[in-house]
Amino acid sequence: MPVAMVTGGSRGIGRGITERLLRDGYQVAILATKPAPEDVLAPLRELGEISYTAGSIADPVDHRRYLDETLAAFGRVDVLVNNAGVAPSVRNDVLEATTDEFDRVLGINLRGPYFLTQLVANQIIAQRGDVVPTDRPCGAVINVSSVSATVVSTNRGEYCVSKAGVAMATQIWAARLAPEGIVVYEVRPGVIRTDMTAGVTEKYDALFANGLAPMPRWGTPADVAGAVAVLASGQMPYSTGDVITVGGGMQIPRL
């Protein structure tokens, strides 16, 4: 049974990914910042086997503990989904942004996933052995970024910079890990209905009504999870470094 590590896997987009992978037959190891109450975990356990590590994606010590607890629970790891991320605490204009908030957002959204990928990739390589398969990947890394990797928001510049960094990190890791038999992808959500976007519901309702995307609706965590599931499945063995946008066509240039 394959094993997936999903950061931020207990809520929002991450929970949607966890639920989908469990339904697809994965054992799932979750990393989240706080201990989860049983009413959060119980529905997941009904879908399959999970392990849960409380820790921060920004802390390299927690990375090691997360991997160790995953291996203790399941004995291996096959897929890493770097999903955990944060928006700035306050949407400040870039003329008023603070260094502390910039460092917080980039530490969680970019630096943390970058070095967790390093740790997990080395684990996959070690468990693979000396022979690199040529007909199928032996592991996958999927980075969940955002359309903000290329779409500017001047009142949350640190978030946009962090997601642009994730896009480049995806390319770097894809190039480095391809010879090791590990594929790397980026999933780029658009406007997804989660607790992170709850405070801007009216704004995006109006934008959708005025043609923000060809598909005139909010996305859901299940929409993102579907893309992750396909990429994790190994059904694209000769593809790596690709970007899948889950945004109702927001990325299509239109006149």
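Helix α4 supplies the largest share of the lining of the second largest pocket, namely three residues, in what is a predicted model. This pocket encloses about 290 Å³ of space and is lined by 20 residues, among which Pro 2, Asp 78, Pro 137, Cys 138 and Gly 139 lie nearest its centre. The elements that contribute two or more residues to this lining are α4 (99-128), β5 (139-144), β6 and α7 (221-232). Sorted by class, the lining of the second largest pocket comprises twelve nonpolar, four polar and four charged residues.

**Two residues of helix α4**

Glu 101 is found in helix α4, and with a relative accessibility of 14% this residue counts as buried, because the value falls under 20%. A polar atom of the Glu 101 side chain lies 2.4 Å from the backbone nitrogen of Ser 89. When neighbours within four places in sequence are left aside, the residues in contact with Glu 101 are Ala 87, Pro 88, Ser 89, Val 90 and Glu 158, so that Ser 89 appears both in this contact list and as the partner of the Glu 101 side chain through its backbone nitrogen.

Asn 109 also has its place in helix α4, and at 2% relative accessibility Asn 109 counts as buried. The side chain of Asn 109 is joined to that of Ser 162 by a polar contact of 3.1 Å. Apart from neighbours within four places in sequence, Asn 109 is in contact with Gly 85, Val 86, Tyr 159, Ser 162, Lys 163 and Val 166.

**Enclosed cavities**

Rolling a probe the size of a water molecule over the atoms shows where empty space is left. The count comes to two cavities of 30 Å³ or more, and Asn 109 belongs to the lining of the largest cavity as well as to that of the second largest cavity.

The largest cavity has a volume of about 50 Å³, and its lining consists of Asn 82, Asn 109, Leu 110, Pro 113, Tyr 114, Thr 117, Asn 143, Val 166, Ala 169 and Trp 173. At least two of these lining residues come from each of α4 and α5 (157-177), and α4 gives the most, with five residues. The lining of the largest cavity divides into six nonpolar and four polar residues, with no charged residue.

The second largest cavity has a volume of about 40 Å³, and it is lined by Asn 82, Asn 83, Ala 84, Asn 109, Pro 113, Asn 143, Val 144, Lys 163 and Val 166. Here α4, β5 and α5 each supply at least two lining residues, and by class the lining holds four nonpolar, four polar and one charged residue. Lys 163 and Val 166, which take part in this lining, are also among the contacts of Asn 109.

**Salt bridges**

The structure holds 13 salt bridges, including the three pairs set out below with the distance between their N and O atoms.

| Salt bridge | N to O distance |
|---|---|
| Arg 11 and Asp 195 | 2.1 Å |
| Asp 24 and Arg 20 | 3.1 Å |
| Asp 223 and Arg 217 | 3.0 Å |

The salt bridge between Arg 11 and Asp 195, with its closest N and O atoms 2.1 Å apart, links distant parts of the chain, since Arg 11 sits in the loop between β1 (3-7) and α1 (12-23), while Asp 195 sits in the loop between β6 (182-189) and α6 (201-209), 184 residues apart. Arg 11 is exposed, with a relative accessible area of 52%, whereas Asp 195, at 47%, is partly exposed.

In the pair formed by Asp 24 and Arg 20, Asp 24 counts as partly exposed at 39% relative accessibility, and Arg 20 is likewise partly exposed, with a relative accessible area of 34%. In the pair formed by Asp 223 and Arg 217, Asp 223 counts as partly exposed at 28% relative accessibility, and Arg 217 counts as partly exposed at 45%. Beyond these pairs, a network of salt bridges links Asp 62, Arg 65 and Glu 69.

Key
Residues numbered from 1 in each chain as written. Predicted model: local features only at pLDDT ≥ 70, side-chain atom pairs only at ≥ 80, totals over all residues. Heavy atoms only, no water. Salt bridge = Lys/Arg side-chain N within 4 Å of Asp/Glu carboxyl O. Helix = DSSP H or I, 4+ residues; strand = E, 2+ residues; numbered from the N terminus. Buried < 20%, exposed > 50% of the residue type's maximum accessible area, 1.4 Å probe, protein only. 1 Å grid on protein atoms, 1.4 Å probe; cavity = no way out; pocket = protein on both sides within 12 Å on 5 of 7 lines; lining within 4 Å. Points joined across faces, edges and corners; volume = space filled by probe spheres on them. Nonpolar A, V, L, I, M, F, W, Y, C, P; charged D, E, K, R; others polar. Polar contact = N/O pair within 3.5 Å; in protein donor to acceptor, adjacent residues only side chain to side chain. Contact = heavy atoms within 4.5 Å.
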